[in-house]
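Got your viewer ready? Let's take a walk through this structure together, one selection at a time.

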Amino acid sequence: MIFRDPTRGLVFAGINKPPPSVPSDRLAGVLSQARNDFQRFVMVLVCVHALSGTDMRHLLLTDLDLPRERLFVRRPGKRHIIYLDELTYHCASAWFRERHRRWPVTTNPHLLINRWTAVDTTHSPIGTTFTNIFRPTGLTMPTLRQDRIRDEAFKVADPLHLMRLFGISSQTAMRYITAAYPERTAKLPR
């Protein structure tokens, strides 16, 4: 007997599945897993400000404005401003000093560099080393980024706040709000 699936070929509207939540006990020790200033700064950018790997790869040295406590994130068609909190400011300034100490004459304009890109004459951005930073934590960078946005959506329930804080699109903000409060958003127009 051959069974034929009667639902095959049916197309459903997108199902909003909330991103998985990271237990707080696993989040508590993430920053302590960093072995140096570079790793600590990257972890803060992901876990606090929800930056993606692409965002971090394209940060320029001129995007970090320590006197005004700001970091500019360049995205296609827009620019997102991150106002540095005390932790981020401390990690950014520590990385800035370490970067200058290790490679004082590098001409690479990117904020995040390593020993290969520091001497690269083509000024290429850093590669995919971000994955290795999060491996000891047992969590992935996208998981931590999504968890940060999800956590803020549960606290605030305001898509405009999410858009301003993380520089995400309105569709993404609404997806997180819908996942956080399905009973409130069920009757909203799609």
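Start by selecting R102 and E98: they form a salt bridge, with their closest N and O atoms 3.9 Å apart. Keep in mind as you look that this is a predicted model. Both residues sit in helix α4, 4 residues apart, which is about one turn of the helix. R102 counts as partly exposed, at 43% relative accessibility. For another charged group, select D65, R68 and R70, which are joined into one network by salt bridges that share partners.

Now keep E98 on screen and add R101. These two also form a salt bridge, and here the closest N and O atoms are 2.7 Å apart. R101 and E98 are 3 residues apart in α4 (residues 86-102), so about one helical turn separates them. An α-helix has 3.6 residues a turn, so residues three or four places apart point the same way. Is E98 buried or exposed? It counts as buried, at 19% relative accessibility, because the cut-off for buried is under 20%. R101, on the other hand, is exposed, with a relative accessible area of 57%.

Next, select the whole of α4. How far apart are its end C-alpha atoms? They are 24 Å apart, which agrees with the 24 Å that 17 residues should span at 1.5 Å a residue. Colour the buried residues of this helix: T88, C91, A92, S93, A94, W95, E98 and R99. Show their surroundings too, and you'll find that what covers them includes α2 (37-47) and β1. Then go to the N-terminal end of α4, which is capped by D85: one of its side-chain oxygens lies 3.2 Å from the backbone nitrogen of L87.

From there, hop over to α2. This helix is mostly covered, with 8 of its 11 residues buried. To see them, select F38, Q39, F41, V42, M43, V44, L45 and V46. Which elements do these buried residues pack against? Light up α3, β2, α4, α5 (130-134) and α6, and you have the neighbours of the buried residues of α2. While you're here, zoom in on the start of α2, where a side-chain oxygen of N36 comes within 3.2 Å of the backbone nitrogen of F38.

Time for another charged pair: pick D63 and R74. Their side chains meet in a salt bridge, 2.7 Å from N to O. D63 lies in the loop between α3 (53-57) and β1 (64-65), while R74 is in strand β2 (residues 70-75), so the pair ties together parts that are 11 residues apart in sequence. Turn on a surface and compare the two partners: D63 is buried, with a relative accessible area of 1%, whereas R74 is partly exposed at 43%. How many salt bridges are there in total? The count comes to 9.

For the last stop, hide the rest and show helix α6 (residues 141-156) with helix α8 (residues 170-180). Their axes come within 9 Å and cross at roughly 65 degrees, and the crossing is right-handed. Which residues meet here? Show side chains for Q146, I149, R150, A153 and F154 in α6, then for Y176, I177 and A180 in α8, and you'll see both sides of the contact.

Terms used: Residues are numbered from 1 along each chain as its sequence is written. This is a predicted model: local features need pLDDT of at least 70, side-chain atom pairs count only at pLDDT 80 or more; totals for chains, interfaces and linings use all residues. Side-chain values use heavy atoms; hydrogens and water are left out. A salt bridge is a side-chain nitrogen of Lys or Arg within 4 Å of a carboxyl oxygen of Asp or Glu. Helices (H or I, at least four residues) and strands (E, at least two) are DSSP runs, numbered from the N terminus. Buried means under 20% relative accessible area, exposed over 50%, partly exposed in between (1.4 Å probe, protein chains only). The expected span of a helix is 1.5 Å times one less than its number of residues. Contact means heavy atoms within 4.5 Å. A polar contact is a pair of N or O atoms within 3.5 Å; within protein, one must be able to donate a hydrogen and the other to accept it, and residues adjacent in sequence count only if both atoms are side-chain atoms. Axes are lines fitted to C-alpha atoms, for helices over the stretch in contact, and angles run from 0 to 180 degrees between N-to-C directions. A crossing is left-handed if the near helix is turned anticlockwise from the far one by less than a right angle, and right-handed if clockwise.
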